[in-house]
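Visitor: I would like to learn how the labels on a structure are earned. Please show me one.

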Amino acid sequence: MRRFLIAGNWKMNCGPGETATLISNLKQRLPSVPDGVDVLVCPPEISLTTAADELVDSKIMFGAQNVHFEDNGAFTGEVSTKMLTEVGCHYVIAGHSERREYFAETDQTVHRKTKKALEAGLKPIICVGESLDQRKKDVHDTMVSKQVQAALNGVDESLIQDTVIAYEPIWAIGTGETATPEQAQEMHNMIRNVIADLYDERSAEAVRILYGGSMKPHNAEELLRQTDVDGGLIGGASLQADSFAEIIEIAEKLS
Ligand code: PEP
């Protein structure tokens, strides 16, 4: 039985001050985290220690938006898995489409980050998804399965249950346009089959597959009702305590 994971990707929003305020609002709006739902926030790196302080007595977890695949060294501007675990991160996002597009992330770097994160005890949230052009050309299945295969290549079976996949159709991110529940279910099921082919059915059933792309309180329920949708990676709606909490409450109702 997979638990819902509702994860907020704050992107380049909220320095330490705003992080403290948003977390405080969220804790007020949601005094206890529902039993059936894992809740995660991913602020920018500079705000991670603030998140750690603000969440010390809370079941809300926090994670990072990126990590480097080397242990340390001359990689200006980067952070390592050790640095993230030192401040208490539980999760790290790998290969968000914005990082693939603007910061030259490739399937290969996403793969290396995934392996490094898992070795360090961090749960990677591996983002995959097709562009509008790829969907129009009907190559979305091929594209997304290639991304999943590349990211998981050589990941030990014992670590697969700590891996999270986020299916995020690029055309739905920050656009207000959402995949239909049927489109989401079809892609999530396809991803689960790819994992079953790489490992086995049991491993595939253990992996949580999140939907990301304009998930909001008004469309969360129909998406989260799909058999293979195990939660959401939420951008815009995670920046307001009310809308994020509403999605968490919907997940609780369905759990
Ligand atoms: C995201 O950034 O992962 C995302 C899904 O953003 P939004 O919810 O704003 O579309």
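What follows is a set of questions about labels, with the values behind the answers.

Visitor: What should I know before we start?
Guide: This is a predicted model, where local features need pLDDT of at least 70, side-chain atom pairs count only at pLDDT 80 or more, and totals for chains, interfaces and linings use all residues. Residues are numbered from 1 along each chain as its sequence is written, and side-chain values use heavy atoms, with hydrogens and water left out.

Visitor: Which residues are the closest to the ligand?
Guide: They are Lys11, Glu168, Gly174, Ser214 and Gly236. In total, 14 residues surround the ligand. A residue counts as near when one of its heavy atoms lies within 4 Å.

Visitor: What makes the link between the ligand and glutamate 168 a polar contact?
Guide: A polar contact is a pair of N or O atoms within 3.5 Å; within protein, one must be able to donate a hydrogen and the other to accept it, and residues adjacent in sequence count only if both atoms are side-chain atoms. An N or O atom in the side chain of glutamate 168 is 2.6 Å from an oxygen atom of the ligand. That distance is within 3.5 Å, so the pair qualifies. Glycine 174 offers a backbone N or O atom at 2.7 Å from a ligand oxygen. For glycine 236, a backbone N or O atom lies 2.9 Å from a ligand oxygen.

Visitor: How much of the ligand does the protein cover?
Guide: The ligand has 290 Å² of accessible area on its own, and the protein covers 97% of that. Such areas come from the Shrake-Rupley method with a 1.4 Å probe; for residues, only the protein chains shown count as cover.

Visitor: How does the shell around the ligand divide?
Guide: Four residues are nonpolar, eight polar and two charged. Ala, Val, Leu, Ile, Met, Phe, Trp, Tyr, Cys and Pro count as nonpolar; Asp, Glu, Lys and Arg as charged; the others, Gly among them, as polar.

Visitor: Why is serine 214 called buried?
Guide: Buried means under 20% relative accessible area, exposed over 50%, and partly exposed in between, with a 1.4 Å probe and protein chains only. Serine 214 has 10%, so the label is buried. Its place is the loop between strand 7 (208-212) and helix 10 (217-224). Helices (H or I, at least four residues) and strands (E, at least two) are DSSP runs, numbered from the N terminus.

Visitor: What is notable about the phi of serine 214?
Guide: Phi is near 55°, a positive value in a residue other than glycine. Most residues other than glycine have a negative phi. Alanine 104 also has a positive phi, of about 55°.

Visitor: Why is alanine 104 called exposed?
Guide: Its relative accessibility is 58%, so alanine 104 counts as exposed. Alanine 104 is in the loop between helix 4 (97-102) and helix 5 (107-119).

Visitor: What makes methionine 83 partly exposed?
Guide: Methionine 83 has 42% relative accessibility, so it falls in the middle class. This residue lies in helix 3 (residues 81-86).

Visitor: How do you know that threonine 19 is buried?
Guide: Its relative accessibility is 0%, so threonine 19 is buried. Threonine 19 lies in helix 1 (residues 16-29). Its side chain reaches the backbone oxygen of cysteine 14 at 3.2 Å. Not counting residues up to four places away in sequence, threonine 19 touches Trp10, Cys14, Pro43, Ser47, Thr50 and Ala51. Contact means heavy atoms within 4.5 Å.

Visitor: Why is arginine 192 called buried?
Guide: Arginine 192 has a relative accessible area of 3%, so it is buried. Arginine 192 is in helix 8. Leaving aside neighbours within four places in sequence, its contacts include Glu205, Asp228 and Asp230.

Visitor: How do you know that the span of helix 8 agrees with what is expected?
Guide: The expected span is 1.5 Å times one less than the number of residues. Helix 8 (residues 181-198) has 18 residues and should span 26 Å; its end C-alpha atoms are 26 Å apart, so the values agree.

Visitor: What covers the buried residues of helix 11?
Guide: The cover includes strand 1 (4-9), helix 1, strand 2 (37-42), helix 10 and strand 8 (231-234). Among the buried residues are Ala241, Phe244 and Ile248.
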